[in-house]
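Here is a quick tour of a fold, taken sheet by sheet and then charge by charge. Have the sequence and the structure open as you read.

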Amino acid sequence: MSSSPVPPPVPAQPYGREPLRTVQVLGGSGAGSCAHVRSLATGLAARGVRVTVCAPVEAEGAYDFTGAGAEFTPDAAAALRAACAGADLVHAHGVRAGMRAALALRGDRRGRRAPLVVTWHGGAPETAGALGQMSRLLERHVARAASVVLGASSDQVDLARLRGARDARLAAVALPLAAGPEPTVEPEKVRAELGAVERPLLVAVGSLVARRGYGLLLEAAREWRALDPVPLLVIAGEGPLRAELTRRIEAEGLPVRLLGRRRDADRLLAAADVAVLPSRWEGRSLLAQEALRAGVALVATRVGGVPELVGDAAVLVPYGDAGALAAAVTGLLADPARRVALAAAGRAQAATWPSEDDTVAQVLSVYDELTARRRP
């Protein structure tokens with residue numbers, strides 16, 4: 001994911017008082033939450049807010065939070081407690097991060113605890129069994145511990161309220177724009193690198209985990225073998241399902257390549273005929289945002305926050321219906337005019353999304369509201 005552009009400098013203390021001290025807590029190194037925190041750190045620091053990012057070391061290496069104007073501390077429990085003890089406000093990103101932040105604040109015995117804001121970047125449909133019960137308990141604890149829960153999509157806001165959040169609000173996460181001029185992408189060169197010079201190219205991006213729906217996508221790929229020419233599906237991402245997916249691809253002779261973790265999703269999408277999002281659940285999908293902004297036709301499952309995000313600018317199919325997914329992609333490959341229309345609709349839809357400045361301003365207003373309550 002590309003870095004956020006640095007906003008123009010503004011007065012260092014916009015409130016006429018000591019700079020606000022915030023801690024941004026990440027529970028992992030996922031692209032969506034890390035890119036959002038990098039963007040927030042840039043915007044908040046430029047507005048005179050002191051920002052400490054508590055995250056895995058690999059996230060600092062990939063997203064350079066210090067380069068955005070933040071201080072960085074590893075996500076060890078002791079370091080998190082120390083950072084939270086000196087903060088005016090703590091903002092956790094994701095439910096796991098919210099739990100760790102809540103525990104760190106609970107362990108602070110030195111006076112008043114800082115307010116806790118939690119952004120729910122991820123989530124999932126109800127899951128049965130012990131794992132589902134544990135997940136619901138975790139969500140309930142975090143929702144109730146937070147002063148404010150920010151949901152990246154309306155269904156996340158609804159879920160937070162269901163879990164007992166006292167204050168849950170919609171706060172869309174902006175997709176960071178690349179700094180500087182748009183890079184020159186040569187689609188034909190990318191297609192040649194991938195082995196799709198004279199065949200359609202389908203692109204999916206995301207970690208190789210169950211909720212991404214890649215098993216369903218491979219079922220759809222079986223049907224695409226009957227097309228002439230046979231399209232190539234490439235999946236950019238890494239995760240625990242790699243071995244299982246590799247076995248299926250080889251055993252069934254599927255026209256699919258697993259590319260591993262990539263930092264050039266924009267290049268892949270620029271070369272694609274169709275982007276595919278087969279997930280069981282998504283909030284504010286990065287792939288959907290990048291595809292629409294790039295003017296690439298998108299086929300996605302009608303789940304979570306996807307319909308709200310894409311509007312009429314994508315082809316939506318039910319989750320779990322491999323036939324519908326395969327047919328939607330086949331239909332678009334056979335209809336270039338429809339792909340052109342979706343490209344235009346996608347760019348128009350992307351223009352309605354909040355900018356990074358909008359997102360920073362909304363988050364800062366929440367911070368100001370919560371810290372104002374604490375002033376004597």
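Which residue's side chain meets that of Asp 264 in a salt bridge? The partner is Arg 267, at 2.9 Å from N to O. Keep in mind that this is a predicted model.

## A network around Arg 267

Asp 264 isn't the end of the story for Arg 267. Arg 267 also forms a salt bridge with Glu 193, and here the closest N and O atoms are 3.5 Å apart. Arg 267 sits in helix H10 (residues 265-271) and Glu 193 in helix H7 (residues 187-194), so this pair ties together parts that lie 74 residues apart in sequence. Add Arg 262 and you have a network of salt bridges linking Glu 193, Arg 262, Asp 264 and Arg 267.

How do these residues sit relative to the surface? Asp 264 has a relative accessibility of 14%, and because the cut-off for buried is under 20%, Asp 264 counts as buried. Arg 267 is partly exposed, with a relative accessible area of 24%, and Glu 193 is partly exposed too, at 45%.

## A buried pair: Arg 212 and Glu 282

Now for another pair. Arg 212 forms a salt bridge with Glu 282, with 2.7 Å between the closest N and O atoms. This one links distant parts of the chain, 70 residues apart: Arg 212 is in the loop between S8 and helix H8 (214-224), while Glu 282 is in the loop between S11 and helix H11 (286-294).

Arg 212 counts as buried at 16% relative accessibility, and Glu 282 is buried with a relative accessible area of 5%. Across the whole structure, a search turns up 16 salt bridges. As a rule, side chains of opposite charge can pair when their charged atoms come close.

## The seven-stranded sheet

On to the strands. One open sheet has seven of them, in the order S3-S2-S1-S4-S5-S6-S7, with parallel pairing. Strand S3 (71-74) and strand S7 (168-170) are at the edges with a single partner strand each, so one side of each has no neighbour in the sheet. On average, neighbouring strands here are turned by 20 degrees against each other, direction ignored.

At the S3 end, four bridges join strand S2 (residues 50-55) to S3, and the two run parallel. Cys 54 stands opposite Thr 73 in S3. Helix H1 (residues 31-46) packs on this sheet, touching S1, S2 and strand S4 (89-93), and its direction makes about 170 degrees with that of S1. Helix H3 (residues 77-85) packs on the sheet as well; it touches S1, S2, S3 and S4, and its direction makes about 150 degrees with that of S1.

## Gln 24 inside strand S1

Where does Gln 24 fit in? Gln 24 belongs to strand S1 (residues 21-26), and it is buried, with a relative accessible area of 0%. Leaving aside residues up to four places away in sequence, the contacts of Gln 24 include Val 37, Leu 40, Leu 44, Cys 54, His 91, His 93 and Tyr 367.

## The six-stranded sheet

The other open sheet described here has six strands, ordered S10-S9-S8-S11-S12-S13, again with parallel pairing. Its edges are strand S10 (256-260) and strand S13 (315-317); each has a single partner strand, so one side of each is left without a neighbour in the sheet. The twist averages 20 degrees from one strand to the next.

Strand S8 (residues 201-205) and strand S11 (residues 274-277) run parallel and are joined by two bridges. Leu 202 has Val 274 in S11 as its bridge partner.

Terms used. Residues numbered from 1 in each chain as written. Predicted model: local features only at pLDDT ≥ 70, side-chain atom pairs only at ≥ 80, totals over all residues. Heavy atoms only, no water. Buried < 20%, exposed > 50% of the residue type's maximum accessible area, 1.4 Å probe, protein only. Contact = heavy atoms within 4.5 Å. Pairing = 2+ DSSP bridges. Axes fitted to C-alpha atoms, helices over the stretch in contact; angles between N-to-C directions. Salt bridge = Lys/Arg side-chain N within 4 Å of Asp/Glu carboxyl O.
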